[in-house]
Amino acid sequence: MIVNPQLFNYRLIIGSLIIAVAVLTVYSFTSYKSIASHQQFLEQEKKLVESELSQMITRYDDVSISNDLISSQLEGAKRATKLTLDSLRMVRSDLSILAKFKQQLFNIKLKNKVLFTTVDSLDKVNKGLEKEKLLAYNELKKQQRENSSLVKKNKNLNESLEKGALLTANSFKAKGYETFFGAKRASNKAKRVHSIEVCFILAENSLTEAGDKDLYIQIVNPKNNVLSDKGSVTFGESTLIYSAKEIVTYNNNVVEVCIDVDADTNDQPLEKGNYYISIFHKDRKLGSTQVNLN
């Protein structure tokens, strides 16, 4: 068999080319897969950095603090973080660029660690102050309730003392008298009676203020008219029409008082029936009695 050398050389060259193309194709495909995989990795890393930056911004928004200095630092950190995030979103996924942003992320984390530690410390202090404020408020309310109770007790005590210090009287009696040859003689005959004697006892009381006491006698006849009208006296909104006035010196001891109330000429002869007698100190009624004339 005769072999053509030239034809053999052609076949050898073609075979070599086919093998070279095949090797190049496999290498190109492998390189493409490697580049695609690398690019996918860079995209994932970029998204992770973006996610962390976004979470930081959200945390800044969640923090509420009244301290102006810390609040200003938080606002500055938030602006720097947003600027970093916006810049990262605008650039392509490149290893060197991504490494730069990772370093920036690391630096931001370091600053945030110090900043949020300060925020947490202030938060604990504020919570402690709020607790102390609440305790102080509760203590104040308790003190106010106790003070209110004391004021009420003092008021009741003062009222009791005032009530206990009031002038009091007892043993009220009244009797009609006629004048017989210049002398007084007891009588219950209305046409003969010219005066009514009112007697009573001022009780002993060490709490009552000593001194002169203005006492008023009011006698009302069966027709509901004041006997021997001497005028009226006003105490605040009260007005008293009285039949007689007596000034008695009181020194906290028992005082027996008898007052004659003479009937006016126009009252005589007296009406038959019951005469109601009341004794007053200022506008306060000390007691009463009555006498019947027939």
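Long-range contacts dominate the count here: of the contacts in the chain with a separation of 6 or more, 68% are between residues 24 or more positions apart. Keep in mind that this is a predicted model. The chain has 294 residues, and buried ones make up 29% of them. Its secondary structure comes to three helices and ten strands, and going from the N terminus you meet the elements in the order α-α-α-β-β-β-β-β-β-β-β-β-β.

**The disulfide**

- There's one disulfide in the structure, and it is formed by Cys 199 and Cys 258, with 2.1 Å between their sulfur atoms.
- As for where the two ends sit, Cys 199 is in strand β3 (residues 195–202) and Cys 258 is in strand β8 (residues 255–262), so the pair ties together parts 59 residues apart in sequence.
- In case you want to set this up as an explicit bond: a disulfide is a covalent bond between the sulfur atoms of two cysteines.
- The handedness comes from the torsion about the S-S bond of Cys 199 and Cys 258, which is about 115°, so the disulfide is right-handed.
- The two cysteines fall into separate accessibility classes: Cys 199 has 15% relative accessibility and counts as buried because the cut-off is under 20%, whereas Cys 258, at 48%, counts as partly exposed.

**The four-strand sheet**

- Four strands make an open sheet in the order β7-β4-β9-β10, and the pairing is antiparallel.
- Its edge strands are β7 (244–250) and β10 (284–293), each of which pairs on one side only.
- On average, neighbouring strands of this sheet are turned by 25° against each other, with direction ignored.
- Strand β9 (residues 273–281) pairs with β10 in the antiparallel sense, over nine bridges.
- For a register check on that pairing, look at Ile 277, which stands opposite Thr 289 in β10.
- As background for reading side chains here, those in a regular strand alternate between the two faces of the sheet.

**A closer look at Tyr 276**

- Tyr 276 belongs to strand β9 and, with 44% relative accessibility, counts as partly exposed.
- Tyr 276 and Gln 290 are 14 residues apart in sequence, and their C-alpha atoms are 4.5 Å apart in space.
- Leaving out residues up to four places away in sequence, Tyr 276 touches Gln 218, Ile 219, Val 220, Thr 289 and Gln 290.
- Of these partners, Thr 289 is also the residue opposite Ile 277 in the strand pairing.

**The β5–β6 hairpin**

- Strands β5 (residues 232–235) and β6 (residues 238–241) run antiparallel and are joined by four bridges.
- Thr 234 stands opposite Thr 239 in β6.
- The hairpin of β5 and β6 has two residues between the strands, and Gly 236 takes a positive phi near 65° in it.

**Aromatic pairs**

- The structure holds four aromatic pairs.
- One of them is Phe 180 with Phe 181: the ring centres are 4.6 Å apart and the planes are at 80°, so the pair is edge-to-face.
- In that pair, Phe 180 counts as partly exposed at 38% relative accessibility, while Phe 181 is exposed, with a relative accessible area of 78%.
- Tyr 216 and Phe 235 form another edge-to-face pair, with 6.0 Å centre to centre and 70° between the planes.
- This second pair links distant parts of the chain, with Tyr 216 in strand β4 (residues 211–220) and Phe 235 in strand β5, 19 residues apart.
- Both Tyr 216 and Phe 235 are buried.
- Ring pairs bring Tyr 242 in as well, linking Tyr 216, Phe 235 and Tyr 242 into a cluster.

**Charges over rings**

- Lys 184 has its charged end over the ring of Tyr 177, 4.5 Å from the ring centre.
- Arg 185 has its charged end over the ring of Phe 180, 4.0 Å from the ring centre.
- Phe 180 therefore turns up twice: its ring sits under the charged end of Arg 185 and also pairs edge-to-face with Phe 181.

Definitions and conventions:
Residues numbered from 1 in each chain as written. Heavy atoms only, no water. Disulfide = S-S within 2.5 Å. Buried < 20%, exposed > 50% of the residue type's maximum accessible area, 1.4 Å probe, protein only. Pairing = 2+ DSSP bridges. Axes fitted to C-alpha atoms, helices over the stretch in contact; angles between N-to-C directions. Phe/Tyr/Trp six-rings, centres within 6.5 Å; stacked < 30°, edge-to-face > 60°. Lys NZ or Arg CZ within 6 Å of the ring centre and 35° of its normal. Contact = heavy atoms within 4.5 Å.
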